[in-house]
Amino acid sequence: MSSHAAETPSRPAAPKARDRQLVQRPDVLFRRCVTGVVIALALLWLVPVAWALDTSLKAEPDTIKIPVSWAIPHLTLSAYSLDFSATDIGRWYINSAIVAVIVTVLTVFTASMAGYALSRQRFRGKPLVYAAILAGIMIPPQALMVPLFREFQSVHLINTYWALILPQVPAPIAVFIFKKFFDGQPIELDQAARVDGASWWTCYRRIGLPLARSAVSAVAIFTFVWTWNNFLWPFLSATNQNMMTIPVGLGTVISGTGIINALQMASAVLGALPLVMVFLLGQRQIVEGVAGTGLK
Amino acid sequence: MSEIALKGLTKRFDDGTLAVEDLNLEIGDGELMILVGPSGCGKTTALRMIAGLEEISDGELWIDGELVNDFPPKHRDIAMVFQNYALYPHMTVRQNMSFGLEQAKVDKDEIARKVKETAEILDLTEHLDRRPGQLSGGQRQRVAMGRAIVRDPKAFLMDEPLSNLDAKLRTQMRTELARIQNQLGTTTVYVTHDQIEAMTLGDRVAVMRRGILQQVASPRELYEQPANLFVAGFMGSPAINLLTAQVESDTLRSPLGDVALDRRLRDALEHGDRTDRVIIGLRPEHLQDAALTERMPDGTVTFSGEVSVLEAMGAEYYAHFDLGDQTSVSEAIDPSHDAEGDPVGRRHGNDLVARLPINSDVHEGNSIKLWFEPGHLHVFDPESGRRLTEAKA
């Protein structure tokens, strides 16, 4: 019998170590470049934040010294205490919290139900309804401000929580995200539940929604952040100091007291603090949500 | 327990596709009815119509003497086992099994008792607090069964429940399933494309093709008396040998030799549309090795063939013979051309297979002598594919 080695076509020789290095070099270089760019972008974002924090901890005269310096000659929290004593920031915090939490809960609830129905149920006019919702994504919110304002003014709801909350609840993009997410869930789970005797509501509540946890987290976190930061609509609908949210209130700090750098920066830091906490607490869900839903 | 009756059941999808056409089927109380056929034959659609997951376009569906066409799934009192099990991944085995009972507002203590009992039957007691993701394929399959059993429904609907298991586990679970169904005596409709499952599990088997029911019969009857070429080709592994044959006066000239027309064959030809040409079918096990036969019965047909491929199956050989082009069965009626993805596999029309005992002295490339009894021949009409003969078992 002839030997095996003679019959089997010889394998290509394993690449030598030097060749391997040559092959891997572009990959390593690319990764280093990407890391460098990411660090540069992160610094670009981080420097103003660090500067705000730095300024808020300085005494006011130190904030206008030339040359500009990162050094803090006299560390003080006076800007923060002034913020609480001279402004209604506590009230604005409460307003922002109420509005952001309720808007988040209602958005997740309504958008997930709409997404579930569009994904799972068959009903007349479904494509039209879905197209109308998608069209909503394309309308800039600014275009709706005047009609919305007139609408809420006509029903005497300006300067109420209703005015701050209701227009921020409908979120076509959230409906789209939930629909896509439910489309990805095996339909057999709902069918099994229906055969098991569950109603559509039970299917949604006990099967669909618990399995859409990452979509719920993503939509909830981003809705909260977006609502907390939203300026334009609260600025129009809450003219009363007591009804202002943080971003609107911060605007009055600037215009009402002249330019006090430390106070401005302390207000900005306080305003952003809850969002930083939300990010720190929900970091994993944010990453999962961005990866799973494409939301950012 | 209950009877299920399908009367002229039809499913037409929005795009006009006719998935199931005028399906008439009566499933007796406690019976295990198998719906079998190649992919796209409408068997799963029929099952989904029974479950209420698919609207019925036409016809009537009766469960336990009640017309249920417009009943939602939850009001039909049936349980379904899905191909991918459809276990709720965020719930434990216990919660999965309790879900249906909770929907029926069964008392909590009663739910606990039933779940415990069912878990014992299915050997799942130690896994009750695990989630489906922590279970093996076989255990998941048992949980899916448990979820159906625990509700004690009027009927079980099973959509290829064993197809996700490996071959060994599938055989094991098939036996287990037969035992449980026997024990519970619940009316069951079982969909599969696996003819071995169909033959071993079913009380009766309904063969479907392109949305149309071909034949309903016991597995044995289906195998021995197939209604048409499709059923003959679909049931049996290896598939039945189908060959064209010419009728000349008192003789049937087949590629395997001339067969004298006896009364049975004459009657058969009288029932056909054509009298000059037919298709004959012969099961691989009806071809015998002449070298192992001491005395052949009278009237047997003998022929010699060269073995082109030999498959050793352990207890027997599958010997393939190349008969040449002139014998091939027309593509229009050859079931192998219809059976997309079916387990029978595609066979060339010019390929003849014989199941020979392991003590046969058979080798690839060698010629051997085979014989068969004409009584085992099935004769089919070449135009309609209808079987014309009453074949000998």
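## A core drawn from two chains

The largest nonpolar core of this predicted model has 153 residues. Six residues have the most contacts inside this core. Two of them belong to chain A: A:F178 and A:V219. The others are B:L35, B:M80, B:L157 and B:V189. Helix α5 of chain A, residues 89-120, gives the core its largest share, 10 residues.

B:M80 deserves a second look. Set aside its neighbours within four places in sequence, and B:M80 is in contact with A:A192 and A:V195 of chain A. Within chain B, its contacts are B:A51, B:A148, B:L157 and B:D159. B:L157 thus appears twice, as a contact of B:M80 and among the residues with the most contacts inside the core.

## Where the chains meet

Contacts between the chains involve 17 residues of chain B and 14 residues of chain A. Which elements of chain B each supply at least two residues to the side that touches chain A? They are β6 (78-81) and α2 (93-103). By class, this side of chain B has 12 nonpolar, 4 polar and 1 charged residues.

The model as a whole scores ipTM 0.80 and pTM 0.77.

## Chain A

Chain A has 296 residues, and buried residues make up 30% of them. The chain has 16 helices and 0 strands. Take the contacts in chain A between residues at least 6 apart in sequence: 77% of these join residues at least 24 apart.

The domain assignment gives chain A two parts, domain 1 (11-56) and domain 2 (83-293). Their centres, taken over C-alpha atoms, are separated by 35 Å. The two domains do touch: 4 residues of domain 1 are in contact with 6 residues of domain 2. On the domain 1 side, the touching residues are 2 nonpolar and 2 polar, with no charged residues.

## Chain B

Chain B is also assigned two domains, domain 1 (4-224) and domain 2 (229-380). Over C-alpha atoms, 37 Å separate the centres of these domains of chain B.

One residue of chain B shows the exposed side of the picture. B:K168 lies in helix α5 of chain B, residues 167-184. Is B:K168 buried or exposed? B:K168 is exposed, because 9 other C-beta atoms lie within 10 Å, and a residue counts as exposed at 12 or fewer. B:K168 and B:V189 are 21 residues apart in sequence. In space, they are 23 Å apart, C-alpha to C-alpha. B:V189 is one of the residues with the most contacts inside the largest nonpolar core.

## How far to trust the model

Chain A has a mean pLDDT of 86, and 88% of its residues reach 70 or more. Among the elements of chain A, α5(A) has the highest mean pLDDT, 95. Helix α1 of chain A, residues 4-7, has the lowest, 40. Over residues 1-11 of chain A, the pLDDT is below 50. Beyond near neighbours in sequence, this stretch has 1 contact in the model.

Chain B averages a pLDDT of 87, and 91% of the residues score at least 70. Residues 330-348 of chain B stay under 50. For this stretch of chain B, the model has 41 contacts beyond four places in sequence. Where pLDDT is low, the predicted coordinates should not be read in detail.

Note on methods: Residues are numbered from 1 along each chain as its sequence is written. Chains are lettered from A and ligands numbered from 1 in the order in which they are written. This is a predicted model: local features need pLDDT of at least 70, side-chain atom pairs count only at pLDDT 80 or more; totals for chains, interfaces and linings use all residues. Two residues are in contact if their C-beta atoms, placed from the backbone, lie within 7 Å. Helices (H or I, at least four residues) and strands (E, at least two) are DSSP runs, numbered from the N terminus. Ala, Val, Leu, Ile, Met, Phe, Trp, Tyr, Cys and Pro count as nonpolar, Asp, Glu, Lys and Arg as charged, and the others, Gly among them, as polar. pLDDT is the predictor's confidence in each residue, from 0 to 100. Domain bounds come from an automatic or database domain assignment. A nonpolar core is a set of buried Ala, Val, Leu, Ile, Met, Phe, Trp, Tyr and Cys residues joined through C-beta atoms within 7 Å. A residue is buried if 20 or more other C-beta atoms lie within 10 Å of its own, exposed if 12 or fewer, and partly exposed in between; C-beta atoms are placed from the backbone.
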